[in-house]
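Visitor: I should like a close look at one part of this model. Please take me through it residue by residue.

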Amino acid sequence: MGMNKNTVLGWATLIMIIMGLLLIGLGAFRYNETAGWGFGAVGVGFLANAWVFSSLKGRV
């Protein structure tokens, strides 16, 4: 069972979505001071990168 480029991008997209939601959740529920804003911003960045990976999936 080999993994081609589309499979790798699919797994990377899934992992980045999970990490993005986890970081946003940490920023919203765990850290109530300034650090929470940083966690939320990094989580949104992860979701943006996952969106790019998802759009590249059929084109690479």
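Guide: The model is a predicted one, and Leu-14 is a suitable place to begin. With a relative accessible area of 41%, Leu-14 is partly exposed, because that class covers values between the buried limit of 20% and the exposed limit of 50%. Leu-14 belongs to helix H1. On the surface, Leu-14 contributes to a nonpolar patch of about 770 Å². The other residues that make this patch are Met-3, Val-8, Trp-11, Ile-15, Ile-18, Met-19 and Leu-22.

Thr-13 is also part of helix H1, which comprises residues 5–30. The relative accessibility of Thr-13 is 10%, so Thr-13 counts as buried, the class for values under 20%. Leaving aside residues up to four places away in sequence, Thr-13 is in contact with Ala-50, Phe-53 and Ser-54.

Helix H1 closes at residue 30, and the description may continue from there. Arg-30 is placed over the face of Tyr-31, 5.3 Å from the ring centre. Tyr-31 also takes part in an aromatic pair. The description of such a pair rests on the distance of the ring centres and the angle of the planes. The count of aromatic pairs comes to 1. That pair joins Tyr-31 with Phe-39: the centres are 4.9 Å apart and the planes make an angle of 5°. The arrangement is classed as stacked, because the planes are under 30 degrees apart. Both partners are partly exposed, Tyr-31 with a relative accessible area of 28% and Phe-39 with one of 27%.

Methods. Residues numbered from 1 in each chain as written. Predicted model: local features only at pLDDT ≥ 70, side-chain atom pairs only at ≥ 80, totals over all residues. Heavy atoms only, no water. Helix = DSSP H or I, 4+ residues; strand = E, 2+ residues; numbered from the N terminus. Buried < 20%, exposed > 50% of the residue type's maximum accessible area, 1.4 Å probe, protein only. Contact = heavy atoms within 4.5 Å. Phe/Tyr/Trp six-rings, centres within 6.5 Å; stacked < 30°, edge-to-face > 60°. Lys NZ or Arg CZ within 6 Å of the ring centre and 35° of its normal. Patch = residues over 30% accessible without salt bridge, like charges linked within 9 Å, V, L, I, M, F, W, Y side chains within 5 Å. Areas by Shrake-Rupley, 256 points an atom, 1.4 Å probe, with all protein chains shown as cover. Salt bridge = Lys/Arg side-chain N within 4 Å of Asp/Glu carboxyl O.
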